[in-house]
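Biologist: I'd like a close look at one single part of this model, please. Could you take it slowly and tell me how it fits in with the rest?

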Amino acid sequence: MAPKKEPAKKKETTATASVSAATSAGTTATTTASASVSKKAKTPTTGQKPGATTGGDTTKVVTTQKKEKVKTTALKAKQRVTRGNKLTRKRKIRTTPTFRRPFTLRLQRTPKYPRRSVPKRNRLDHFAIIKHPLTTESAMKKIEDNNTLVFIVNIRANKPLIKAAVKKMYDVDAEKINTLIRPDGEKKAYVRLKADHDALDVANRIGII
Amino acid sequence: MTRIKCTDLRGKKPDDLQKQLEDLRQELNVLRVGKVTGSGGAAKLSKIRSVRKSIARVLIVTHQTTKENLRKLYHGKKFKPKDLRPKKTRAIRRLLTRKEKSIRSAKTKRKQWAFPRRVYGVKA
């Protein structure tokens, strides 16, 4: 249908181009839609002929109007094809009386500038955690008998931090750590070493004899 | 140990400074153990102070060079980190800028141009 019409309308080139575009858009879709497009395309074409006969300027005005109309009809046809011929949207079935806020897009932060130019340095690093070992008589006894070392430790340190610090500083693995806070406000940590380490050797290495 | 000077430290690379920092902190640790065990003697005990101050110097130099480099990096950019912006006072930061204060409407500009303040002198 389209190629037959084209050579007849080559006089009004703009209109024909739009019509052929419309009809080609129709042909890409299903047959029913294309039939509807062709029907709609026919009406402007019939309108053109009387317009062409009247005068030079009027034909131009007519053709641009028709062009827009044809274009919109073609677009509508295309839309109808994609969404079906019903104009209303399908309503969602709600099973509860409450309306819960649907999940919306949550974007990650992409700051334009860091708030702090330099990130804070960790003030509780392993040097700061272990202050010094204890060398009292009871501490010595612990070293000999229980394979434990006794340290005075930063009060803000917890057991896992103490364990990591001891490992980093003295290369020993701790079996368990017991902590207490002394009456003078300092934290004491009893670090029991694993069986494969000897507390006495480690103590010698550190400097507490 | 010879006295660590800031001028010497400023020439060093950041990796060297980090290494020096670690060495100093190890030394401090040893000194503190010595203090507890009672082994040191007066010389070692007084050394604690100098080591602490040296550590401070290294940290100062590290921080200052980092900050300086960051300022260079952000120079001329529209958005800077807040600690690189001028601190002044909270109130001053919220005042109108000089440019904002100097804005005049077209009407006032025309008036000022058309009717400027004249200065007269009375002839004696």
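Modeller: Here comes a walk around one helix, followed by its surroundings.

First, some ground rules: this is a predicted model, where local features need pLDDT of at least 70 and side-chain atom pairs count only at pLDDT 80 or more, while totals for chains, interfaces and linings use all residues. Residues are numbered from 1 along each chain as its sequence is written, chains are lettered from A and ligands numbered from 1 in the order in which they are written, and side-chain values use heavy atoms, leaving out hydrogens and water.

Our part is helix α8 of chain A, residues 199–206. Helices (H or I, at least four residues) and strands (E, at least two) are DSSP runs, numbered from the N terminus. Which residues of α8 are buried? They are A:A199, A:V202, A:A203 and A:I206. "Buried" means under 20% relative accessible area, "exposed" means over 50%, and "partly exposed" is in between, with a 1.4 Å probe and protein chains only. Looking down the axis of α8(A), you'd find these buried residues within an arc of 100°, so they line one face of the helix. (That arc is taken from the directions from the helix axis to the C-beta atoms.) It helps to know that an α-helix has 3.6 residues a turn, so residues three or four places apart point the same way.

What does that face pack against? In chain A, the buried residues of α8(A) pack against β1 (130–133), α6 (137–146), β2 (148–153), α7 (159–170) and β4 (187–193). They also pack against α2 (14–37) of chain B. After the helix comes A:G207, with a positive phi near 130°.

Since α8(A) packs against a piece of chain B, let's look at where the chains meet. Here 20 residues of chain A are in contact with 20 residues of chain B, where contact means heavy atoms within 4.5 Å. The area buried between the two chains is about 1600 Å², and carbon and sulfur atoms give 64% of that. Buried area is the accessible area (1.4 Å probe) that two parts lose on being put together, summed over both. On the chain A side, A:Y113, A:S117 and A:F127 lose the most area to chain B, together 37% of what that side buries.

There is also 1 salt bridge between chain A and chain B: the side chains of A:D125 and B:R25 meet at 2.8 Å, N to O. A salt bridge is a side-chain nitrogen of Lys or Arg within 4 Å of a carboxyl oxygen of Asp or Glu. The elements giving two or more residues to chain A's side of the interface are α5 (126–129), β1 and α7. The largest share, 3 residues, comes from β1(A), which is one of the elements that α8(A) packs against. By type, that side divides into 10 nonpolar, 4 polar and 6 charged residues; Ala, Val, Leu, Ile, Met, Phe, Trp, Tyr, Cys and Pro count as nonpolar, Asp, Glu, Lys and Arg as charged, and the others, Gly among them, as polar.

What about the partner, chain B? It has 6 helices and 0 strands, and buried residues make up 19% of its 124 residues. One of the buried ones is B:V61, with 0% relative accessibility, in helix α3 (42–74) of chain B. Leaving aside neighbours within four places in sequence, B:V61 is in contact with B:C6, B:L9, B:R10 and B:L17. B:L17 is 44 residues away from B:V61 along the chain, yet their C-alpha atoms are separated by 8.6 Å.

Back in chain A, A:R182, A:D184 and A:E186 form a network of salt bridges. A:R182 pairs with A:D184 at 3.8 Å, N to O, and with A:E186 at 3.3 Å. A:R182 is partly exposed at 23% relative accessibility, as is A:E186 at 25%, whereas A:D184 is exposed at 52%.
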